[in-house]
Amino acid sequence: MAAVTLQDVAVRAGVSQATASRVLNGSARIPGEGVADRVRAAARELGYVPNAQAQALARSSTGLLGLIVHDIADPYFSSIVRGVQTAARTARKQVLLASTDRDFDIEREAVSTFIAHRADAIVLAGSRQSGDLDRDIETEFGRYRDNGGRVVVIGQPLAFGGAVEPENHLGAAQLAEALVKSGHTQFAVIGGPANIRTAVDRRNGFVEALGRRGLTPLVEVSGDFTRDGGYSAARRLAGALQLSPGARGEPVCVFAVTDVMAIGAIAAWRELGLSVPDDVGIAGFDDIPTLRDHTPALTTVVLPLQDIGVRAVELALRTDADCDDLRERIPGRVVLRDSTRLP
């Protein structure tokens, strides 16, 4: 059976095709209620399905919001996604989601696809990478913005567009200060990839704060921004520090630049017979939801992840001209828990 066309609806309702289009595609120019009712009734009777592209042209809006994250399996990003979806639902927008696995070619393809679908706005969530990769994205976004698109980054800002930026450097510094005040004097660091700015900012904030206290990490290792990355790095760190179960003396306190990496580290040390915090302490960053069920409870820097997602959408959908490049910094909050020495 052939699909029902807009012309079929117009004939049934006794109106022109242009009038039927204005009623069904959401144009601001809607005819009188009697005419509109006849068109809608005809569409229901015939089973007409409106064309989304035609609706977008009529409304000058597709009602779509593009969201790009590095890893949807990471609780950090899934929490942000939940906030984005909540805010988009309130704004009557549908979310198009892409997860890139930190592949910047995939990220660029996702941006191009969302632009081709004429998304009203695009939110790019995740740490930025300096160099040609970001410049390519900025070029793509430049054309998009010239055609009325809105861009918001969660993380380090691009050269233009809005941004919701967690205070990674400051939060890590405050964590270091709190750990020193609670009695720790020996530290080590599990960092992330050197080309990921979030990892660098958190590592630098922590190490620089220790330096102001006259302290230096005993060992620094790095791994991928994943549970397995933290697991692998923790095993190497244990070997470098020659950690052993039940050793005497103050346990080293390790800072992992994400909670996910910290969870992987604890798993690695447990396999080696090491107890947290008796043999080694650890702190993370983010306060991901899965920590609620984790033992020992993890010391961390709390970020309001869902609120960050909500705020990014609110910035992306603002229409006042002076907010195109508005940038907001989101502070973290240090929470000391059982994985480190409590004061």
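The following legends describe close-up views of a predicted model.

**View 1. A parallel sheet of four strands.**
The open sheet shown here consists of four strands, arranged in the order β7-β6-β8-β9, and their pairing is parallel. Strands β7 (219-222) and β9 (280-283) occupy the edges; each has a single partner strand, so one side of each is left without a neighbour in the sheet. From one strand to the next, the twist averages 20 degrees. Strands of a sheet pair through backbone hydrogen bonds, and such pairing may be parallel or antiparallel.

**View 2. Pairing within the sheet.**
Strand β8 (residues 252-256) runs parallel to β9 and is joined to β9 by four bridges. One residue of β8 to locate here is Cys253, whose bridge partner in β9 is Gly281. Strands β6 and β7 also run parallel, and four bridges join them. Here Gly191 has Ser222 of β7 as its bridge partner.

**View 3. The two faces of edge strand β7.**
In a regular strand the side chains alternate between the two faces of the sheet. Strand β7 shows such an alternation. Val219 and Val221 point to one face and are buried, whereas Glu220 and Ser222 point to the other face and are not buried.

**View 4. Helices packed against the sheet.**
Helix α9 (residues 197-212) lies across β6, β7 and β8. The direction of α9 is at about 165 degrees to β6. Strand β8 is joined to β9 by four bridges, and helix α8 (residues 168-181) packs on the sheet, where α8 touches β6 (187-191), β8 and β9. The direction of α8 makes about 165 degrees with that of β8.

**View 5. The surroundings of Thr300.**
Thr300 belongs to strand β10, which covers residues 300-302. Is this threonine, Thr300, buried or exposed? Thr300 has a relative accessible area of 0%, and because this value is under 20%, the residue counts as buried. The side chain of Thr300 makes a polar contact with the side chain of Asp259, at 2.7 Å. A polar atom of the Thr300 side chain also lies 3.3 Å from the backbone nitrogen of Asp286. When neighbours within four places in sequence are left aside, the residues in contact with Thr300 include Gly284, Phe285, Asp287 and Leu291. Also among them are Arg333, Val334, Val335 and Arg337.

**View 6. Helix α1 with helices α2 and α3.**
The axes of α1 and helix α2 (residues 17-24) come within 8 Å and cross at roughly 105 degrees. That angle makes α1 roughly perpendicular to α2. Leu6, Gln7, Val9 and Ala10 of α1 form the contact with Gln17, Ala20, Ser21 and Leu24 of α2. Helix α1 (residues 6-13) also meets helix α3 (residues 33-46): their axes come within 8 Å and cross at roughly 120 degrees. Helices α1 and α3 are therefore oblique to each other, and their crossing is right-handed. On the α1 side, this contact is made by Asp8, Val9, Arg12 and Ala13. On the α3 side, Arg38, Val39, Ala42, Ala43, Glu45 and Leu46 take part.

**View 7. The crossing of helices α10 and α11.**
Helix α10 (residues 227-241) and helix α11 (residues 259-271) have axes that come within 7 Å and cross at roughly 50 degrees. The two helices, α10 and α11, are therefore oblique to each other. The crossing of α10 past α11 is right-handed. Among the residues of α10 that make the contact are Gly229, Gly230, Tyr231 and Leu237. Those contributed by α11 include Val260, Met261, Gly264 and Trp269.

**View 8. Two loop residues, Thr62 and Asp101.**
Thr62 lies in the loop between α4 (52-59) and β1 (64-69). With a relative accessible area of 24%, Thr62 is partly exposed. Although Thr62 and Ala116 are 54 residues apart along the chain, their C-alpha atoms are separated by 11 Å. Asp101 is found in the loop between β2 (94-99) and α6 (104-116). Asp101 is exposed, because its relative accessible area of 58% is over 50%. The C-alpha atoms of Asp101 and Ile72 are separated by 8.2 Å, and these residues are 29 residues apart along the chain. Leaving aside neighbours within four places in sequence, Asp101 is in contact with His70 and Asp71.

Terms used
Residues are numbered from 1 along each chain as its sequence is written. This is a predicted model: local features need pLDDT of at least 70, side-chain atom pairs count only at pLDDT 80 or more; totals for chains, interfaces and linings use all residues. Side-chain values use heavy atoms; hydrogens and water are left out. Buried means under 20% relative accessible area, exposed over 50%, partly exposed in between (1.4 Å probe, protein chains only). A polar contact is a pair of N or O atoms within 3.5 Å; within protein, one must be able to donate a hydrogen and the other to accept it, and residues adjacent in sequence count only if both atoms are side-chain atoms. Contact means heavy atoms within 4.5 Å. Two strands pair if DSSP finds at least two bridges between them. Axes are lines fitted to C-alpha atoms, for helices over the stretch in contact, and angles run from 0 to 180 degrees between N-to-C directions. Angles under 35 degrees count as roughly parallel, over 145 as roughly antiparallel, 65 to 115 as roughly perpendicular and the rest as oblique. A crossing is left-handed if the near helix is turned anticlockwise from the far one by less than a right angle, and right-handed if clockwise.
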